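Please read the following report alongside the sequence and the model. It moves from the overall picture to the sheet, the cores, the aromatic pairs and a few single residues.

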Amino acid sequence: AEDGDFPAVSVTLKAESSAVPSYTGVVAIEENGYQGAETLRDVPVLVRLGSDTEGFSYSTMAFPETGADLRFMDWDEKNVLPYEIDEWHNGGESLVWVKVSELKKGTRFKMFYGGAAVSSMNETTHRMGYRGEAVWSDYAGVWHMNEDSGTAYDSTANGLDALPSFGTNTNVDVASEMMAYEIGVCGRARQNEISEVNETKGCGNYLLTPSYDALGLGGRFIVSGWFRAEQVVNYPRMISRKYESSDKSGWEIHPRQNSSTNISVRGATGGSVICPTPEMKEAWVNITAIYSDAVFSCFTNGVLSLTGESVAATDNGLGLAFGCNPPGNENTWCGQYDEIR
């Protein structure tokens with residue numbers, strides 16, 4: 001949890017009784033993976049549901065096709081917990097983010113579903129108040145990258161949807177080639193086209209949030225995401241708000257030249273600092289960058305890799321780009337990305 005991103009937690013699910021009469025199904029959820037000594041507040045945790053989950057059955061849900069009859073509450077059943085369905089697969093594995101009021105080892109909460117009273121409700125009305133905006137209220141932007149293609153939607157209330165884009169160096173059809181990568185870190189991920197690689201400029205397409213400059217985050221924020229490279233061509237951008245590396249505004253993160261084990265981090269200058277990473281080629285690596293005015297820290301896979309460096313970020317008039325820089329005139333990422341926040 002020290003990296004500022006979601007903790008690497010696991011949960012145990014089992015059948016449970018309840019005093020709430022409207023629901024026929026109740027599942028007790030116990031967190032058993034967080035090892036930190038600190039109690040975390042208002043943390044989104046991931047719940048994986050499947051046909052083999054004790055106490056849970058798609059067939060007895062009121063809305064098995066969409067999961068709209070889910071409800072989460074704290075252990076005492078006094079407070080409703082916000083949730084967001086990341087991916088729903090009737091009969092398969094479904095992914096749901098739940099915002100718990102506190103997280104420590106052994107934290108417990110409950111999930112409810114099904115029941116005649118719920119079945120008679122309007123599906124849309126039942127889900128009101130349980131959307132992603134409440135789960136991610138502390139975030140400026142959250143992109144799950146779980147769409148089949150097209151727009152990557154922001155789960156926060158800011159609506160910073162990311163659009164498939166291409167720059168002056170594209171050599172592919174962006175509309176047809178920016179598709180889902182089925183084996184992501186959390187459900188599906190997105191990938192830049194990898195079948196045609198320009199040995200100088202990379203893969204050509206990327207995702208762009210054109211309205212991101214309106215947030216005004218200044219120089220204090222945390223950005224994180226999961227990245228997996230098929231290959232590294234020159235200096236492909238992973239996340240960027242810079243026109244080019246020497247530009248005197250913005251910030252960006254990209255691998256060192258042709259390197260899959262080091263990244264360069266830049267602020268509002270042409271200089272950079274180097275952060276070592278685990279091998280990114282054909283392996284998922286979590287990058288968490290913390291800009292705190294002029295002081296920068298970097299975590300990779302939850303482990304502190306670099307801290308105390310002088311890297312200052314600024315806002316500018318550009319959007320936020322995933323897999324390239326906002327104008328699309330730099331090297332593009334040849335591979336996948338998932339769960340960027």
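## Confidence in the model

This is a predicted model, and its mean pLDDT is 85, with 82% of the residues reaching 70 or more. Over residues 1-8, however, the pLDDT is below 50, although this stretch has 25 contacts in the model beyond near neighbours in sequence. Where pLDDT is low, the predicted coordinates should not be read in detail.

## Overall composition

The protein has four helices and 22 strands, and of its 341 residues 53% are buried. About 13,700 Å² of the protein is exposed, and carbon and sulfur atoms supply 47% of that area.

Contacts across the sequence can be described in a similar way: among those between residues at least 6 apart in sequence, 66% join residues at least 24 apart.

## The seven-stranded sheet

Seven strands form an open sheet in the order 9-12-21-14-15-16-17, and their pairing is antiparallel. Strand 9 and strand 17 are the edge strands, each pairing on one side only. As a general point, strands of a sheet pair through backbone hydrogen bonds, either parallel or antiparallel.

Strand 15, residues 252-255, can be followed in more detail. Two bridges join it in antiparallel fashion to strand 14, residues 239-240, where Ser 240 stands opposite Glu 252 of strand 15. Strand 15 also pairs with strand 16, residues 262-266, in the antiparallel sense over four bridges, and here His 254 stands opposite Ser 264 of strand 16. The hairpin of strand 15 and strand 16 has six residues between the strands, and in it Asn 258 takes a positive phi near 55 degrees. Both faces of strand 15 are covered, since Glu 252 and His 254 on one side and Ile 253 and Pro 255 on the other are all buried.

## Two nonpolar cores

The largest nonpolar core has 36 residues, and those with the most contacts inside it are Trp 143, Ile 263, Tyr 291, Phe 296, Phe 322 and Tyr 337. Two or more residues of this core come from each of strand 13 (220-231), strand 16, strand 17, strand 18, strand 19 (295-300) and strand 21 (320-322). Apart from this core lies another, of 24 residues, which includes Leu 40, Tyr 58, Phe 72 and Tyr 83.

Tyr 291 illustrates the contacts of one residue from the largest core. Leaving aside neighbours within four places in sequence, Tyr 291 is in contact with residues including Phe 221, Trp 251, Glu 252, Ile 253, Val 265, Phe 296, Val 311 and Ala 313.

## Aromatic pairs

A search of the whole structure finds 15 aromatic pairs. In one of them, the rings of Tyr 23 and Phe 112 have their centres 5.7 Å apart and their planes at 50 degrees, so the pair is tilted. Because Tyr 23 lies in the loop between strand 1 (11-15) and strand 2 (25-31), whereas Phe 112 lies in strand 8 (residues 108-113), this pair ties together parts that are 89 residues apart in sequence. Tyr 23 and Phe 112 are both buried.

In the pair of Phe 227 and Trp 333, the ring centres are 5.9 Å apart and the planes stand at 80 degrees, so this pair is edge-to-face. Phe 227 lies in strand 13 and Trp 333 in the loop between strand 21 and strand 22 (334-338), so parts that are 106 residues apart in sequence are tied together. Phe 227 and Trp 333 are both buried. Elsewhere, ring pairs link Phe 56, Tyr 58, Trp 88 and Tyr 113 into a cluster.

## Two loop residues

Is Thr 277 buried or exposed? This residue is placed in the loop between strand 17 (272-276) and strand 18 (285-292), and Thr 277 counts as buried because its relative accessible area is 10%, under the 20% limit. Apart from its neighbours within four places in sequence, Thr 277 is in contact with Ser 260, Thr 261, Asn 262, Ile 263, Ile 287 and Thr 300.

Tyr 139 lies in the loop between helix 3 (132-135) and strand 9 (163-166), and with a relative accessible area of 21% this tyrosine is partly exposed. The C-alpha atoms of Tyr 139 and Val 223 are separated by 9.9 Å, while the two residues are 84 residues apart along the chain.

Notes:
Residues numbered from 1 in each chain as written. Predicted model: local features only at pLDDT ≥ 70, side-chain atom pairs only at ≥ 80, totals over all residues. Heavy atoms only, no water. Buried < 20%, exposed > 50% of the residue type's maximum accessible area, 1.4 Å probe, protein only. Contact = heavy atoms within 4.5 Å. Pairing = 2+ DSSP bridges. Core = buried A, V, L, I, M, F, W, Y, C linked by side-chain atoms within 4.5 Å. Areas by Shrake-Rupley, 256 points an atom, 1.4 Å probe, with all protein chains shown as cover. pLDDT = per-residue confidence, 0-100. Phe/Tyr/Trp six-rings, centres within 6.5 Å; stacked < 30°, edge-to-face > 60°.
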